[in-house]
Amino acid sequence: MTFAGTDGTQRPAGSLGPTPLTLTPGKPIRLSQGSLVAEVQPSCGGRLARLARRDAHDALFDYLVPLGSEPFASDEWPKAGAFPMLPYTNLLRDDTLHWRDRTIAVRESPAASSSLHGWGLRRVWDVVDESPECCVLQLDCPAQPEWPWQYQAYLSVTLDEQGVDMQLSITNLSTQDMPAGLGLHPYFHWPAGARLTFASEAIWRSPSEDIRWPSEQRVHVGEMEVVSVGGGLDTGGRSTWFAEVPVESGRFDARIDYAGGLRSATVRSSDATWLVIHSPAGRPYLCLEPSTHRVGEFDDDHAVVSHGQTLELSMRIDLT
């Protein structure tokens, strides 16, 4: 997690208006390097809509669940691709932010039934740069009652022959300090027999599926391995774990090996302090979400971004 100053040359934020009720996939930005191909959908929350490898027979192996072509409600998105989370990640308790001497209701009606994952995935992003291997997207958000700070976000997606880099940033354009948090949310294929390995300082779990926050029970785990049975993470039926970054390395390296050992995907992040691991029972996808703050604790675990400052988060996905 890094901060940077601005040079004052940014263009003013535009007025986006309310979040649209429906997002419609358009013509994707297509990236290609070697045998790897990627597609980005700016009109669907700046989503990396496809990430695949083409074999010698021209068949595609999809690492991420590909986004379809049908419109979808901005509040009920397909479990596909990879999207940015900002200006915070996951849920805020009771859809409410307690900030200094203020209480702010963050849920935006009628477009959102909850505050889940913020606004980045619900908005249309602008394309500001594009090449065969990289694209850069921009999102300008004016202050609104649900988030009374003006900010500007950038997302870059860069493909090379070994994998993809995603760089997400948010800059506070308001005169007042802004609380902020960032995350990236990929949906990997998770068929039966796939194996996840990762290291963590500690794993936090929710006590049940009805409670969506990490409990106070910490289990120091070090290296950990999970084998897919077609969805789900543990025999307790819980779909979500919350992993703390290993203190010794200061970064996450979470690897999925697919059955047969011919393909793998490794998520790496040196900016995240938490990795949310999510796979509902019976649903063959796995989310590995680097985040800058703890789920449900944004009131206390945010970054404070002053006027002109930028908060950044990066995620690298290495592919074989």
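This passage describes the cysteines and one enclosed strand of a predicted model.

In the predicted model, the number of disulfides comes to 0, where a disulfide would require a pair of cysteine sulfur atoms within 2.5 Å. Cys44 takes part in no such bond, and the nearest cysteine sulfur, which belongs to Cys135, lies 13 Å away. For Cys135, in turn, the closest cysteine sulfur is that of Cys134, and because the separation is 6.2 Å, this pair is too far apart for a bond. Cys44 counts as buried, because its relative accessibility is 0%, and Cys135 is likewise buried, with a relative accessible area of 0%.

Attention now turns to strand β24, which spans residues 274-278. Because 5 of its 5 residues are buried, strand β24 is largely enclosed by the rest of the structure. This covering applies to both faces of the strand, since Trp274, Val276 and His278 are buried on one side, while Leu275 and Ile277 are buried on the other.

Strand β24 is also paired with two strands, β21 and β25. With strand β21, which comprises residues 240-244, β24 pairs in the antiparallel sense over 5 bridges, and within this pairing Trp241 has Ile277 of β24 as its bridge partner. Strand β25, formed by residues 285-291, also runs antiparallel to β24 and is joined to it by 5 bridges, with Trp274 standing opposite Ser291 of β25. The strands β24 and β25 form a hairpin with 6 residues between them, and in this hairpin Gly282 adopts a positive phi near 80°.

How values were computed: Residues are numbered from 1 along each chain as its sequence is written. This is a predicted model: local features need pLDDT of at least 70, side-chain atom pairs count only at pLDDT 80 or more; totals for chains, interfaces and linings use all residues. Side-chain values use heavy atoms; hydrogens and water are left out. Buried means under 20% relative accessible area, exposed over 50%, partly exposed in between (1.4 Å probe, protein chains only). Helices (H or I, at least four residues) and strands (E, at least two) are DSSP runs, numbered from the N terminus. Two strands pair if DSSP finds at least two bridges between them.
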